[in-house]
Each structure stands twice: as structure tokens, then as C-alpha cells.
Amino acid sequence: MSDELLTLCLADICRGDKAESFANDPAGTVKEYGLSPDAEKAILDVDVVAMQALGAHPVLTMYLARSRGVSPSEYMQALRSERESAHDSGTRAD
Amino acid sequence: MGQISAAVATVHTPYIKAMVDKVDKATGDKVFKGFESLGDSIRSVNPDALVVFTSEHVLNMTPRCAPPFLIGTGPEHPIFHEPAFKLPAGALRGAPEIAAGLIKKFDSSGIDVAHSVHLKVDHGTVLPLDFMGLAFDFPVVPIVTNTMFPPLPSLARSYALGRAVADFVESDDCEANIALVATGGIAHSVGEPAMAMGIIDEEFDDLFLEALMANDDELLMALSPERISAAGNGTNEIRNWLALRGAVPDWKAHQVLTERRIEPWLTGVHQVRWTPPGQNK
């Protein structure tokens with residue numbers, strides 16, 4: 001699975017013609033894209049860090065989070081926690 | 001033969017509207033007055049149409065199809081509904097004849113530009129026009145640059161795009177009075193960890209603006225993809241400013257407003273107007 005496919009899925013469900021379908025049936029809609037189980041789970045869990053680690057476009061992870069009711073501060077806290085955790089363990093998650 | 005009669009550039013961060021209450025009144029007033037001033041620059045020349053060098057945020061361009069440039073050719077451009085950003089509803093008026101002429105010029109100039117008769121526009125285009133009081137008063141030809149899905153057009157390509165716009169306007173194939181608007185940038189991150197860490201690359205903004213003020217297109221064109229990326233993924237939108245530079249290379253830049261760091265908006269706010277040779281600010 002390419003990160004482009006993950007980004008395409010996010011594009012369709014956040015800004016495209018799958019937005020309504022995703023709102024009504026998130027799991028069923030995401031299933032249509034043939035993503036890896038990790039990618040599907042990351043989207044359904046709105047796991048921003050995991051999605052970005054899998055190559056999702058950051059603009060779209062932000063749009064997904066917003067559409068699923070994640071506040072801007074929660075979104076940023078998730079990314080900060082990951083960055084701080086990576087720093088503490090001596091690795092950088094760029 | 002037509003003419004370019006005004007040129008302005010500014011940011012399009014949607015938080016200006018979505019989080020206007022998070023900023024102190026004095027700063028907010030300066031920002032909005034700056035937009036009004038840019039709008040006055042355009043309105044005072046009574047253009048037949050605005051050519052807007054702009055970016056979008058996953059709307060017409062997706063991994064399904066992401067050309068380097070995309071021009072809107074239709075009689076109108078529907079405004080994409082973004083409830084969080086409180087944009088006006090409806091559509092921007094288009095300028096199909098001017099768009100068609102531009103496409104011919106791009107083709108003869110060796111610049112490949114995709115075209116859409118149903119180009120949707122988002123806050124990247126609508127927000128600055130709305131703040132400048134121009135959104136529904138003049139026909140608009142949006143030229144969207146791909147700043148999201150690599151490979152992105154080079155800075156030189158964007159500059160050449162702007163040059164081709166000017167060549168068309170100043171040719172016998174055009175009789176219109178055109179105002180140019182560039183939106184986006186300057187240094188900012190969208191959705192990335194850098195945004196979460198509150199990083200705003202003021203050094204990049206300073207360097208970029210100094211080069212603009214000095215008409216140092218060579219320096220601007222030499223900015224590397226790595227340096228641009230390091231300043232944040234939204235910084236790719238400087239291509240729109242470079243396109244405007246390509247159209248009016250001998251015009252003089254004037255800073256209308258520079259707020260280097262507005263924390264709640266996660267970016268600086270920069271507003272620039274250009275004047276032709278022989279004209280004061």
C-alpha cells in the first residue's frame with residue numbers, strides 16, 4: 001500500500017465525495033480503498049501520529065481530526081507528545 | 001493591448017477569520033486595515049478582472065490528479081464550504097475569455113497548464129479576496145499551483161508562468177485591464193509537528209521579504225527545496241508570489257504590513273503591494 005493511497009482515501013473522506021459515506025459508515029467507506037490494517041485502524045482511531053508515520057499528508061490528517069471532533073489543541077498535543085517521546089528516546093520521528 | 005495595473009500579495013491563513021478573537025484588537029485591526037489597503041490598491045485601478053496566483057488544500061488536486069498548474073476557465077468558481085473558516089457562500093465570477101487567452105499563451109510559451117471549467121475555490125483564494133473587499137466585485141481567473149503533491153513545479157517554472165501571464169496581457173490578444181493577486185505563504189506549517197511545536201521560521205520570512213524589496217529574483221529563485229521544506233510545508237506557496245514577480249519584474253515592492261509572529265494564527269502575516277516604475281507608493 002502506498003502512502004498516496006492513504007492520502008487519497010483521506011482526500012476523499014475529508015474533502016471529496018466520500019465525506020457523507022464516511023460520516024455514515026466510516027469502516028465500510030475506508031474498506032473500499034484496500035489499505036493495510038494499520039492504515040485503516042489509524043484512520044478510524046484518528047491516530048494522527050500513526051497516519052503521518054504511514055506517509056499520510058499532514059494537511060489531511062489535520063482535516064480528518066477536525067471532522068471527527070478533535071480540537072486543535074488535542075491535535076497539536078498528540079504531535080508534540082510524539083516529538084517529545086522520540087526526542088527522549090534519542091530518535092527523531094521526522 | 002491590455003495592461004497590468006495593480007499587483008498585491010498576501011497570506012491566506014484561515015485562522016485570521018476562524019480565530020480572530022484569539023488575537024489582541026490592535027494587531028487584528030492592523031491586519032484588517034492592511035487587507036483594506038491592498039483592496040483599495042486594486043479597486044482604485046478598476047480592473048476588468050483579477051488574475052489570482054493561488055493554492056488550494058486538497059480540492060481539485062488530489063493524488064488522483066495533481067497537475068503543476070490548474071486554471072479556472074468557467075463563468076464561475078464555486079466556493080467550497082469550509083464551515084470552520086467562515087467563508088462567504090456562493091461563487092466567484094469567472095472570466096472565461098481571459099482564461100482562454102491565457103491558456104493559448106501558456107501553450108505557445110511551453111508551459112503546461114491544466115484547465116477546469118468547474119474549478120472549486122477554497123480559503124486559499126477566497127479569504128484574501130474577501131478581506132480585501134474584492135471577492136464578488138470583479139471577475140476572477142484563479143491559477144492554482146500544486147503546492148501539496150510532489151513533484152511540485154519549480155520556482156523558475158512559477159516565475160515563467162507569471163511572465164507568460166504578463167506577455168498575454170500586454171499582447172494584441174488582450175484588451176483587458178488586469179490586477180494581479182498572489183496568495184499564500186510565507187513560512188508556515190500545516191498539520192505537521194512543526195506547527196504543533198509553534199515553530200514559525202521568521203528567518204525565512206525576513207530573507208524572502210528582503211529579497212522581494214530588493215527585486216533580487218536571483219536569490220528568490222535560488223531557494224532550495226530543502227530550505228523551503230524546512231520552513232514548513234505551507235511555505236511551498238511562495239511559488240504564487242514568484243509567479244507575480246515573473247509578471248511584474250521591474251515593479252517596486254512595498255511592505256504594507258509585516259507581523260512576524262502571530263502565535264494564535266501559527267504564522268506571520270505579510271502584505272505587499274507593487275508599483276510600476278515611476279510611480280510612488
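**Exercise 1. Work out whether B:C174 is buried or exposed.**

Step 1: get the cut-offs straight: buried is under 20% relative accessible area, exposed is over 50%, and partly exposed is in between (1.4 Å probe, protein chains only).
Step 2: B:C174 comes out at 3% relative accessibility, so it counts as buried.
Step 3: try A:C14 too; at 16% relative accessibility, this cysteine counts as buried.

A word on the model: it is predicted, with local features needing pLDDT of at least 70 and side-chain atom pairs pLDDT 80 or more, while totals for chains, interfaces and linings use all residues. Residues are numbered from 1 along each chain as its sequence is written, chains are lettered from A, and side-chain values use heavy atoms, leaving out hydrogens and water.

**Exercise 2. Find how many disulfides there are over all chains.**

Step 1: a disulfide is a pair of cysteine sulfur atoms within 2.5 Å.
Step 2: check A:C14: the closest cysteine sulfur, in A:C9, is 8.4 Å away, too far for a bond.
Step 3: the count over all chains is zero.

**Exercise 3. Describe how chain A meets chain B.**

Step 1: count contacts (heavy atoms within 4.5 Å): 21 residues of chain A touch 24 residues of chain B.
Step 2: look for salt bridges, meaning a side-chain nitrogen of Lys or Arg within 4 Å of a carboxyl oxygen of Asp or Glu. Three turn up across the interface. One of them pairs B:D122 with A:R15, with the closest N and O atoms 3.1 Å apart.
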